[in-house]
Amino acid sequence: SSGSLRTAGELGLSFLAGYYVLPDLVGHYVWLARVQGRSMQPTLNEHEDKTDWVLMNRWAVRNPANVKKGCVYALVDPESPSELIIKRVVGLHPDTVAAEDGPKAVPPGHCWLEGDNRRVAIDSNTYGAVPLGIVSAHIPCIVWPPGRWRWLPPVVDPSRMHTPGAPSDPDNEDMSIGKLSRMDDWADWTGLDDK
């Protein structure tokens, strides 16, 4: 009899601890956010008169190596660090992306971000590749309104990637994927010599 009371007491204490711990974990690692603006249309805020709410998963990006090409992320705005913005990762090192002003190599530890609505988006085409460290949360799905609930699968428009043989950007020419295809080329470019 005392065993069952003890078990019930332990369950009660566990429930009580969970009641206090769960909101803290939810607030620190996952939360809901209202999307503002048109830079991610039609993926987010498809209609201007209706606002989407998304799930923000900070746990998924606790290691910057978990950032994946094609996924949608919230990150610190490079132009206004007190704000978060939402963009899609189009390129990671060693990708070369087809930027609006010519091919750009994505440096190590950085990503290339673009809004899905390229006509209005302020993104890496404006401020260049950004450090992976400013990525704050992965956005896996739209949760509200109910008719808009859906997963946001990774998508990269193939036209956004630079193809070998296309005109190159002289500032990034040596960093292009085609130029540094062998380890010897990388050592020559960086001035490193393993001998």
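This section describes the fold, the principal pocket, the salt bridges and selected backbone features of a predicted model.

The protein contains 3 helices and 11 strands. Read along the sequence, these elements are arranged in the pattern α-β-β-β-β-β-β-β-α-β-β-β-β-α. Of the 195 residues in the protein, 37% are buried.

The largest pocket encloses about 460 Å³ of space. Its lining comprises 20 residues, and those lying nearest the centre are Gln-36, Ser-39, Leu-84, Ile-85 and Ile-86. Three strands, β1 (30-34), β3 (72-77) and β4 (80-92), each supply at least two residues of this lining. The largest share comes from β4, which provides 5 residues. Classified by residue type, the lining of the largest pocket consists of 11 nonpolar, 3 polar and 6 charged residues. Gln-36, one of the residues nearest the pocket centre, is located in the loop between β1 and β2. With a relative accessible area of 63%, Gln-36 is classed as exposed, because this value lies over the 50% cut-off.

The loop between β1 and β2 recurs in several of the features computed for the model. Asp-52, a further residue of this loop, follows Gln-36 by 16 residues along the chain, and the C-alpha atoms of the two are separated by 8.2 Å. The loop also holds Pro-42, and the peptide bond that leads from Gln-41 to Pro-42 is cis, with omega near 0°. Asn-45 is likewise placed in the loop between β1 and β2. The phi angle of Asn-45 is near 55°, a positive value in a residue other than glycine. At 5% relative accessibility, Asn-45 counts as buried, whereas Gln-36 in the loop between β1 and β2 is exposed.

A search of the whole structure identifies 8 salt bridges. In one of them, Asp-52 is paired with Arg-148, and the closest N and O atoms are 2.8 Å apart. Asp-52 belongs to the loop between β1 and β2, while Arg-148 belongs to the loop between β10 (141-144) and β11 (150-151); the pair therefore ties together parts that are 96 residues apart in sequence. Both Asp-52 and Arg-148 are buried. A salt bridge is also formed by the side chains of Asp-95 and Lys-69, with an N to O distance of 3.0 Å. Since Asp-95 lies in the loop between β4 and β5 (96-99) and Lys-69 in the loop between β2 and β3, this pair ties together parts that are 26 residues apart in sequence. The two partners fall into separate accessibility classes: Asp-95 is buried, with a relative accessible area of 12%, whereas Lys-69, at 35%, counts as partly exposed.

Lys-104 and Asp-101 form a salt bridge in which the closest N and O atoms are 3.9 Å apart. Here Lys-104 counts as buried at 17% relative accessibility, and Asp-101 counts as exposed at 57%. The assignment of Lys-104 to the buried class follows because 17% is under the 20% limit. In addition, Glu-100, Glu-114, Arg-118 and Arg-160 are linked in a network of salt bridges.

On the surface, Leu-32, Trp-53 and Trp-144 form a nonpolar patch whose accessible area amounts to about 330 Å² together. Trp-53 is found in strand β2 (residues 53-57) and is partly exposed, with a relative accessible area of 33%. Trp-144, another member of the patch, is joined to Pro-145 by a cis peptide bond with omega of about 0°. Pro-145 is situated in the loop between β10 and β11, where Arg-148, the salt-bridge partner of Asp-52, is also located. Cis peptide bonds are thus recorded at Pro-42 and at Pro-145, in the loop between β1 and β2 and the loop between β10 and β11, respectively.

Notes:
Residues numbered from 1 in each chain as written. Predicted model: local features only at pLDDT ≥ 70, side-chain atom pairs only at ≥ 80, totals over all residues. Heavy atoms only, no water. 1 Å grid on protein atoms, 1.4 Å probe; cavity = no way out; pocket = protein on both sides within 12 Å on 5 of 7 lines; lining within 4 Å. Points joined across faces, edges and corners; volume = space filled by probe spheres on them. Helix = DSSP H or I, 4+ residues; strand = E, 2+ residues; numbered from the N terminus. Nonpolar A, V, L, I, M, F, W, Y, C, P; charged D, E, K, R; others polar. Patch = residues over 30% accessible without salt bridge, like charges linked within 9 Å, V, L, I, M, F, W, Y side chains within 5 Å. Areas by Shrake-Rupley, 256 points an atom, 1.4 Å probe, with all protein chains shown as cover. Salt bridge = Lys/Arg side-chain N within 4 Å of Asp/Glu carboxyl O. Buried < 20%, exposed > 50% of the residue type's maximum accessible area, 1.4 Å probe, protein only.
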